[in-house]
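Reader: I am new to this. Could you take me through one part of this structure, slowly and in detail?

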Amino acid sequence: MIGVVSYLVFFLILSLTFGVAVLGLNLQWGFTGLFNAGVAGFIAIGAYTMAILTGPSRDAVFGGFELPFVVGLAGAMIASGIGALFVGLATLKLRHEYLAVATFGIAVTIQLVCLNWEYLTGGTLGLIGIPNPTKAWAEGPLIQNSLYLAIVAIVVGLTIAALELIVKSPWGRMLKAIREDEVAAASLGKSPERVRLEAFVLGCMIMGLSGALYVSFIGYVSPWDFLPILTFQIWTMLIVGGSANNRGALLGALIVWGVWTMSGFVLSRVVPSEIQARGGAMQAVLIGLILVVTLLIRPRGLIGEELQVSRHARS
Amino acid sequence: MLRNIGLAALTAAIFGIGTTAHAVDCPVKLGAILPVSGPMGQVGERIAETGLFAVEQFNEAGGVKGCPVEYVLRDTQGQSAVGVDAAKSLVDLDGVQALIGAVSSGVSLPVLTSVVVPSKVVQVSCCSSSESFTALAEEGKTEGYWFRTYATNRSQSAMGAKLVIDSGFERTAVIYVNTDFGVGLANRFEQDIAKLGGSITSMVAYNESQQSYRAEVTKALEGNPDSLFLVAFPVDGSTITREWLALGGTDNLIVNNSLRSDDYFAAVGSQYLQNLQGYDSAQPRLPSVASFNEMFEARFDSPPNGPGLHSVYDAVTVVLLAMEASEEITGDNIRDNIRLVTSPDGVEVHPGPEGIARAKELLAEGQTIRYVGATGALSFDRNGDVQAPKMTWKLDGDVNVETSYLTTAEVAELLGMLDE
């Protein structure tokens, strides 16, 4: 029984950490309509920033400032935000699929920089020994993980609260106006370029936060954590959960990560090992099947966008 | 009083499950986290099958402590998060006490730090080569739960130092490439040579892809060295060697394995390199390796060519032998007994059902054994690393000839002496 609880805690930490990134993407795609295909890159910036700020010092590698966890989280958000500002200034004139191609290329570039800039990132060796604050607070993996889950839950709660506040504000309505019809929004005297950039930077900062939570939990970061598949996973979570709905985004993270991992568990129980070893693609097929069926049944995601009117309007 | 005992029993019942395993819980589970799909899928599939093959052979010999072994395979998809989750699920939900895998270091290391060490289970990788594992182990952060059956690069500096000393050189200059590889190797060489009684006249780093290395060579010539240890790659290495010889440096050269290359010999000119010596990795030449190859071919109708096949077989077999030697199958016992079944002074046992049956008999008699497997004799150092056999070579005219062969045991002995 304790094993199940222990695993569940572990599962929730990872899925909620992904959930944070999904919330960031939701602000960009769900509310503003920005097709960011470089999610993994911004998660990577946050992750490495966390590792550099809080990790132990090493010869021949920059950083290792051993700063507190909270400073690492803030630093990760700032670094991802600065990265996003540059990327946004360069690419946000592009629309839809063009923006997707450009941001995808940037994510691959970021991953390659992580792989080759050894002085900053440790190159292929990665950075080891990144502290997890809960290790100092308690003994035993289950208690430590439960405490870490509490931290992640608090971060998720704060992020959702802040995002809800933002999207219900006039600025949030402007995001949707731009998403639906940029020309109409511009004709009302709004500046779509500026607002798109703001939403992009804010979303990427949240992705950076997710990366920081991930490395601090795992204790290690390497370029292999940020392959393009990660971007695909975060997108799937958003689409399955329901874009333009923060609760949907979070639910999507839980469901998709659940399908991803439970499919492996079920296969290992049901299918004999000799077949599994040969039929490597089975899990991928199962994952794909479940996701496609979900979208056929709920085309707008599990929880779609809620109809929203100004809170000043009388019903 | 009675209530207290009841409470204690209840607490034990709740917290006992999943944290401790009973002496014999049939079937005995062995977890494997390997990339059977994704970019490493082709490689991972064969490794996974070979792991299963090792389990089958163990079961043919009667399994672990009379129980059949169940091989629980989980796919990492080559992704660290998926691998970490799979490992956690194997440990918490399946109750495995040992994990085989993963293939890439980028997956193995997160698994080690976030699952294996906190949960106190053993992880044995067939294929992860990163130096970060050794660094982590030296900081004490693996707590001994990490092993790999893939040979590391640690022995390079030792081989260089051995060649210098065996040739009777006393004052050695070192020129090395300024990368993590070169810096690490040169620094270890400095320690190793001191231990063996030689001395260093200068340590000079060079940056790659320069037109000339006159400044570096001049600096290295200071102190009148009688030999040069060169850590370089062929293109820059030949520039450095030419300038070294042109400026009057000795032709007593010791070079690292990357310079065992015809490009290098041709660029410098073989006639100037007749006092050159080097080292390289070698294939083990043992009956146990040949017999593994035969059994593999009989089972799969193809020879075991491909990365990780020999090493995963040994990873699985060593873990299962360590389980057999344990009174209770727990991570701690497996960790300790891996040393017992690969003990240098133990009775030698070989792979295959007969070999395993023999090993089990010996263990039942309370003897220590030395498993000599598909990769040869495994001897894990304190960081959980193993060594591969090495050879030394020189040039005879234009021909590259082998001058000596060091078995794994000899390499391990050399390193053991240097690391004391």
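Author: Start with how a direction is given. An axis is a line fitted to C-alpha atoms, for a helix over the stretch in contact, and angles run from 0 to 180 degrees between N-to-C directions. Keep in mind that this is a predicted model. Our part is chain B, with a look at chain A where the two meet.

Helix 14 of chain B covers residues 353–364. It lies across strand 11 and strand 12 of chain B. Its angle to strand 11 is about 150 degrees.

Now look at the sheet that holds those strands. The sheet is open and has 3 strands, in the order 11-12-13 of chain B. The pairing is mixed. Which strands stand at the edges? They are strand 11 (347–349) and strand 13 of chain B. Each has a single partner strand, so one side of each is left without a neighbour in the sheet. Strand 12 takes in residues 369–373. Strands 11 and 12 of chain B run parallel and share 3 bridges. One bridge can be picked out by name: B:V349 has B:Y371 of strand 12 as its partner. Strands of a sheet pair through backbone hydrogen bonds, in a parallel or an antiparallel way.

A second pair of strands is worth a stop. Strand 9 of chain B spans 253–255 and pairs with strand 10 of chain B. This pairing is parallel too, over 2 bridges. Here B:V255 stands opposite B:G278 of strand 10. Is strand 10 of chain B enclosed or open? It runs from 277 to 281, and 4 of its 5 residues are buried, so the rest of the structure largely encloses it.

Next come the charges. Side chains of opposite charge can pair when their charged atoms come close. Over all chains there are 16 salt bridges. In chain B, take B:R148 and B:D385. Their side chains meet in a salt bridge, with N and O at 2.7 Å. B:R148 sits in strand 5 (146–148) of chain B, while B:D385 sits in the loop between strand 13 (376–377) and strand 14 (390–396), so the pair ties together parts 237 residues apart in sequence. Both ends count as buried because each falls under the 20% cut-off: B:R148 has a relative accessible area of 1%, and B:D385 has 2%. Another set of salt bridges shares partners and joins A:R269, B:K29 and B:D94 into one network.

For contrast, turn to two pairs in chain A. A:R194 and A:E198 form a salt bridge at 3.0 Å between the closest N and O atoms. Both lie in helix 10 (192–218) of chain A, 4 residues apart, about one turn of the helix. A:R194 is exposed at 56%, and A:E198 is partly exposed at 27%. The other pair is A:R179 with A:E180, whose side chains meet at 2.9 Å. A:R179 is partly exposed at 22%, but A:E180 is exposed at 58%.

Now go to the place where the chains touch. On the chain B side, 43 residues are in contact with 45 residues of chain A. Together the chains bury about 3,700 Å², and 57% of that is on carbon and sulfur atoms. Three residues stand out: B:D85, B:K88 and B:L93 supply 15% of the area chain B buries against chain A, more than any other three.

How many salt bridges cross between the chains? The count is 1. A:R269 and B:D94 form a salt bridge at 2.6 Å, N to O. Polar contacts add 12 residue pairs between the chains. Several elements of chain B each bring at least two residues to the side that touches chain A, including helix 1 (2–16), helix 2 (41–60), strand 2 (69–75) and helix 3 (80–92). Helix 3 of chain B gives the largest share, 8 residues.

Finish with one residue in helix 3 of chain B: B:S89. It is buried, with a relative accessible area of 1%. Leaving out residues up to four places away in sequence, B:S89 touches A:Y7, A:F265, B:R74 and B:D94. You have met B:D94 already, in the salt bridge with A:R269.

Key: Residues are numbered from 1 along each chain as its sequence is written. Chains are lettered from A and ligands numbered from 1 in the order in which they are written. This is a predicted model: local features need pLDDT of at least 70, side-chain atom pairs count only at pLDDT 80 or more; totals for chains, interfaces and linings use all residues. Side-chain values use heavy atoms; hydrogens and water are left out. A salt bridge is a side-chain nitrogen of Lys or Arg within 4 Å of a carboxyl oxygen of Asp or Glu. Buried means under 20% relative accessible area, exposed over 50%, partly exposed in between (1.4 Å probe, protein chains only). Two strands pair if DSSP finds at least two bridges between them. Contact means heavy atoms within 4.5 Å. Buried area is the accessible area (1.4 Å probe) that two parts lose on being put together, summed over both. A polar contact is a pair of N or O atoms within 3.5 Å; within protein, one must be able to donate a hydrogen and the other to accept it, and residues adjacent in sequence count only if both atoms are side-chain atoms.
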